[in-house]
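Open the model in your viewer and keep the selection tool at hand. The stops below say what to select and what is there.

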Protein chains: 6
Amino acid sequence: MTILDAYRITREPFYRPVGREIELFEAAYASRMPVMLKGPTGCGKTRFVEHMAWRLGRPLVTVSCHEDMTASDLVGRFLLDAEGTVWHDGPLTLAVREGAICYLDEIVEARQDTTVVIHSLTDDRRILPLEKKNEVVTAHADFQVVISYNPGYQSVLKDLKESTKQRFGALAFAYPSPAVETEIVMREAGVERRMAETLVRIAERSRNLKGHGLEEGASTRMLVNAGLLVARGVPVEEACQVAMVVPITDDPDLREALSGAIAACL
Amino acid sequence: MTILDAYRITREPFYRPVGREIELFEAAYASRMPVMLKGPTGCGKTRFVEHMAWRLGRPLVTVSCHEDMTASDLVGRFLLDAEGTVWHDGPLTLAVREGAICYLDEIVEARQDTTVVIHSLTDDRRILPLEKKNEVVTAHADFQVVISYNPGYQSVLKDLKESTKQRFGALAFAYPSPAVETEIVMREAGVERRMAETLVRIAERSRNLKGHGLEEGASTRMLVNAGLLVARGVPVEEACQVAMVVPITDDPDLREALSGAIAACL
Amino acid sequence: MTILDAYRITREPFYRPVGREIELFEAAYASRMPVMLKGPTGCGKTRFVEHMAWRLGRPLVTVSCHEDMTASDLVGRFLLDAEGTVWHDGPLTLAVREGAICYLDEIVEARQDTTVVIHSLTDDRRILPLEKKNEVVTAHADFQVVISYNPGYQSVLKDLKESTKQRFGALAFAYPSPAVETEIVMREAGVERRMAETLVRIAERSRNLKGHGLEEGASTRMLVNAGLLVARGVPVEEACQVAMVVPITDDPDLREALSGAIAACL
Amino acid sequence: MTILDAYRITREPFYRPVGREIELFEAAYASRMPVMLKGPTGCGKTRFVEHMAWRLGRPLVTVSCHEDMTASDLVGRFLLDAEGTVWHDGPLTLAVREGAICYLDEIVEARQDTTVVIHSLTDDRRILPLEKKNEVVTAHADFQVVISYNPGYQSVLKDLKESTKQRFGALAFAYPSPAVETEIVMREAGVERRMAETLVRIAERSRNLKGHGLEEGASTRMLVNAGLLVARGVPVEEACQVAMVVPITDDPDLREALSGAIAACL
Amino acid sequence: MTILDAYRITREPFYRPVGREIELFEAAYASRMPVMLKGPTGCGKTRFVEHMAWRLGRPLVTVSCHEDMTASDLVGRFLLDAEGTVWHDGPLTLAVREGAICYLDEIVEARQDTTVVIHSLTDDRRILPLEKKNEVVTAHADFQVVISYNPGYQSVLKDLKESTKQRFGALAFAYPSPAVETEIVMREAGVERRMAETLVRIAERSRNLKGHGLEEGASTRMLVNAGLLVARGVPVEEACQVAMVVPITDDPDLREALSGAIAACL
Amino acid sequence: MTILDAYRITREPFYRPVGREIELFEAAYASRMPVMLKGPTGCGKTRFVEHMAWRLGRPLVTVSCHEDMTASDLVGRFLLDAEGTVWHDGPLTLAVREGAICYLDEIVEARQDTTVVIHSLTDDRRILPLEKKNEVVTAHADFQVVISYNPGYQSVLKDLKESTKQRFGALAFAYPSPAVETEIVMREAGVERRMAETLVRIAERSRNLKGHGLEEGASTRMLVNAGLLVARGVPVEEACQVAMVVPITDDPDLREALSGAIAACL
């Protein structure tokens, strides 16, 4: 399995569980049931799947889906070589053959052919037909499909088909509790507890503004960014502007509301 | 016929008939009449065609159709080899030449050229012109076309043309009766009869919510998923959330309605 | 003309004329006038052109048009060979060079470049410029273009251009008379006269439902399918459901109306 | 100039002038002024340009434009050969180099890149830059661009740009006078004067129906088609149906109106 | 610089200045400031840039932009050769390397990637990154970008981005004064002063009709076309019809208005 | 790191800081935090990033994004060589491997696949999966992503996704203060202080017209252009017309308003 060594996670990725997601994922993996991770951006879904891959000792093949991705990008294609055309496995096929966890990040962004390609891998057939080379790959016993899905983004035009959704066990994610989030910020940004607590309070206030013109509030990732700037000597108010206000809105009223939320927590 | 060995089904796929679908399929196959399987997702159409292929001793070439699939993906194409371009049969052509059952899953998802390609195979001509290589392949005596079609999905924009529909004999599928579904869940998920009966009752309740904001109720496949989690020690209510609620809706009202349906059956 | 041997029709295709279509086609062919066959699906246009090709002793090159077909699919393209790029005639060019009848089925489905490609072949020039290889092919003296056209399908968006239509002599087709249709069903399905008469009566009733939610009634082809199932022992009512009701509608009212029409004829 | 021999018109194409179009074309050609032929379908624009090419002793390269045609289809492209990529002149470049008349039929159908490609050939520069091979081809002294344009077809979406239109001298075409048209039908269809006169009368009546649901009336080409069928023994009323009614309309009222027009002239 | 010899202008292109455009262009070129030429079609923008290239002794690489042009068409691409893929400079890269004036005619017609490609060439960086070959070409000291832009054509959908516009010094062009235009027509069409004066008067009248259904009036180019026909013996009224009326409108009222304008000037 | 030598900035790019942007950028770079530069066109964002790259001693790989750019344009692709297909790093991959700053200019113009490609590089993973060659590139310790973003341009259709925005620390840019801008114009255009002050006053007036029909006012870049023309002897009023009026509007009222603003400042 040397070809997948690049995809092995050798150090434990820091992950603080929010609920029973680790146990449920393990139960699903035991049946190799496909898993869907649902939740807002920057709340830790990618980190979670990395953690589980490490915990289960499986290589992790991550694919960031986008609307120009084709089935061939996942499955593979023929490339021209000095001796003619040679088949080249795509990342999904690689994971199928070698028994990795294949994580399709934001799968609804992909075109339908991507989604359909996993159908025969997510029912009891567990096969991947490579139609272009008339090969049917039977999945390695350790192979599992994991997808992420942000409910806040879905529109009528871009959603998973019913026939796709119902193949998955789904775990719902949300931002961590203040205590957990404080711990994460301390650890990831290298700031002291008090500063981390301040940043978490600011995040909570900003999340309350969601719906009042803000698509989403500050994510855990943005808190960490603010903390990193603080740790480099940037004053906390300026750090919050750079990491949590300027990136997400240009509306003067919203900027003022966010700045007020920051000032109120200092 | 070694090339099709990968497509042979060697063990009997478990299938519990709901009505006379086995007899009708056999009658259609006797005339090599093209068959359309109609019904909701996850009710067993794919399993049925696998069962019939096994029963009739025919290899089964399955193609999951999608909107980026081209006629060439079905029929074949020239690939560049060390000695120049070499024709490469697609899955349909393979099935036509070697006498397999070719199952085009969710054919309405495909572009029209896919659909049109099967026209000359689904009337008395039974030929497949490979226009790119000026070859006309006469279908093997055992070849048959089977397509699936989910009536609930069709929109005005995406439907089969009249001239395609009328070439097929059609079998209507629905979810199995409670008794049959219980048996399926017991067998596939490895749970006891009582647990299976509970899950089937939950599914029935969820199917009654269809139309009240739910595109489709819980499929048999979702019941099996819930059962698999239960068999791994997940409490039944949590297993139903993971397998039957979270994957299909993010609407708080619907989630509550589904949770109520689950609680009422426990 | 060995290359066209695959396209020769060696046995007389069964065709029961409805009017003077055979004489008119022969008169058109005598001047090599392009011919347009108009009429609903499944009424026998394809069979007619096969019959005429056999009767006139001409090979028949049939192309099922679709919206992803390009001019190159018809005319030909360069393919890469061990010695470089080699021109490869498409089916139209083949027919033009060798003197076949080229039948473009449902030509309005094709993109405009397909349609325009036949312009210089359907006026007195009778040439096909292969622009990609700077060759002008003069049509073989026996070459003729035939197209089919289903008036019921045409929308404003998809219609032949005036400058295309007026190049053709056109023959209008309809479903055959009851007597003729009975004979066809007997012959093609292998059922007795009485059964065939019953099926034809059912078809007539279903055709009267056209416009009341049904795009088209049962075609002759569907009658034959029903007959084939009956010949295999399927009860006639069930056979009609499989061949004439389930394939064309999912509307409960229409299904009931059709079922009523069937019951009334038994 | 052997490469253009295939494009030489060796026999005089029959053309009966309607006005001073021959003299005006000759005056335009004397300055190599680009010429636009305007008029309805089937009135003889293509025949006219063939006649002029013959009269001026120039080869004629005709390109039927369509919406999938690219600039490369006109100008040329690199093709892969045994010794690497080799440039291959397109039909326009061929005409530019060798001094042919290049006739772009229905140019508005083409994408804009086609139109723009001729700009540097239709002002005093008379050059064709082959950007892909960094060559600037100076037009042969005898080269001329001719385009056709059917005013009845143009929509807001598909029209020539002002900067294209104003480069051309334009000749307006219409259907010929009855006397001229009679002569054409006699000659082309091989029918007697009386029959030709009858057909011309029918055409005039049908042209009066234009605007009452008919896009265009019967063209000269359609009269010739009717005449050809008559010459093969088809009764005149049936021949008119096949050549002048059925091809252009499926509307029962219009068909009746046209049939009435035919009956009135017999 | 032999590769650019084909792009050198060896004879002085006739150009009659309308205002201070020559001096302003020279001042802009002295700083290698990018220049935008604004004005209606056929007023002499292309001729002006040819004149300036000749006057400044620079080769001129002209590219007629269109909506199917890609960045690769400008910048270059890899082509397959006997020894593998070989980079091939596009016209822009050629001009950048060798110090030509690169004239992008009607740049708004191009896709955005064309426009963006010139950004790093039109600020103080003066570099062209060839991303596909990881080369950064520093512009030759003599290189300059010139674009043309017809304000009358721009729609909301198709306009230059602010960030493009503000990189250019812009010169506004209009039709020349009657005296200048008369001189141009005499010289280019070879007609006498009086005839030229008549044609210029007609043009002025036609330009007054602009806005009353006419997109633009007669351009200088059209006057020259009319003059050329007159010089070949075509009567002036007929010549004006061919060169100035029929090409630009099919509206009977407008044709009459234009014909009246012509008659009034004779 | 020889391959990146072409991307090194060897001379200090002139940059006059407006606020604390240099310190904030340095703090962000210390954590390799991705940075977003926000602000109107021509205010100095590109110059700033060049300055920072020089200051930090990092090569700078700049990519001007546009809507036809694909992920492969950024990441790389296989090219055919004499010995078969050879992988060719794109500019992003090059920067990732070698530790450059990768500046994606106007990233919202790009298709989503471009944006998604940077996700795994802009969280703590700092990896770039090259799916087409099954390689996972770990970013060089010095690598950083910088993007620019013009808030005035964004529409609903074209905006960064929340999940992208929140990965960045953002710095807001505006036009410099009059004193700073005067200094910039003096230095870049080579004009005296008084002339520079005049031009800056004109710019301020024009910026006040923003919103009254003007998308943006005169940028610093346009002032420099006007100054350059003045330095070449063009009268200041004419220079302002060429550099600041004609390029940005064709509306007579706006032109008059702008001309008034110029006249008022002289």
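## First stop: a helix in chain F

Select α8 of chain F and colour its buried residues: F:A196, F:T198, F:L199, F:V200, F:I202, F:A203, F:S206 and F:R207. Keep in mind throughout that this is a predicted model.

Now show the whole helix, residues 193–208 of chain F. Helix α8 has 16 residues, and from its first C-alpha to its last it reaches 23 Å, close to the 22 Å expected at 1.5 Å a residue.

What covers the buried residues of α8(F)? Add α7 (178–189), α9 (220–231), α10 (236–245) and α11 (252–265) of chain F to the view; the cover includes these helices.

## Second stop: a salt bridge in chain B

Move to chain B and select B:R207 and B:E181. These two residues form a salt bridge, with 2.7 Å between the closest N and O atoms. B:R207 belongs to helix α8 (residues 193–208) and B:E181 to helix α7 (residues 178–189) of chain B, so the pair ties together parts that are 26 residues apart in sequence. Are the two residues buried or exposed? Both B:R207 and B:E181 are buried.

## Third stop: two loops in chain C

Next select C:R32 and C:D142, whose side chains meet in a salt bridge at 3.2 Å, N to O. This pair links distant parts of the chain, 110 residues apart. C:R32 is in the loop between α1 (21–30) and β1 (35–38) of chain C, while C:D142 is in the loop between β7 (135–138) and β8 (144–149) of chain C. Why does C:R32 count as partly exposed? Its relative accessibility is 21%, and buried means under 20%, so C:R32 counts as partly exposed.

## Fourth stop: a buried pair and a network

Stay in chain C and select C:R125 with C:D123. Their salt bridge has its closest N and O atoms 3.0 Å apart, and both residues are buried. Then select A:D123, A:R125, A:R167 and B:R221, which salt bridges that share partners join into one network. For the wider view, a search of the whole structure finds 102 salt bridges over all chains.

## Last stop: chains B and C together

Show chains B and C and superpose them. A turn of 60 degrees and a shift of 0.1 Å along the axis lay chain B on chain C with an RMSD of 0.1 Å. The two copies are thus related as by a six-fold rotation axis. The copies use different surfaces, as 2% of the contact residues of chain B recur in chain C.

Terms used:
Residues numbered from 1 in each chain as written. Chains lettered and ligands numbered in written order. Predicted model: local features only at pLDDT ≥ 70, side-chain atom pairs only at ≥ 80, totals over all residues. Heavy atoms only, no water. Least-squares fit on C-alpha atoms with pLDDT ≥ 70 in both. Contact = heavy atoms within 4.5 Å. Salt bridge = Lys/Arg side-chain N within 4 Å of Asp/Glu carboxyl O. Helix = DSSP H or I, 4+ residues; strand = E, 2+ residues; numbered from the N terminus. Buried < 20%, exposed > 50% of the residue type's maximum accessible area, 1.4 Å probe, protein only. Expected span 1.5 Å × (residues − 1).
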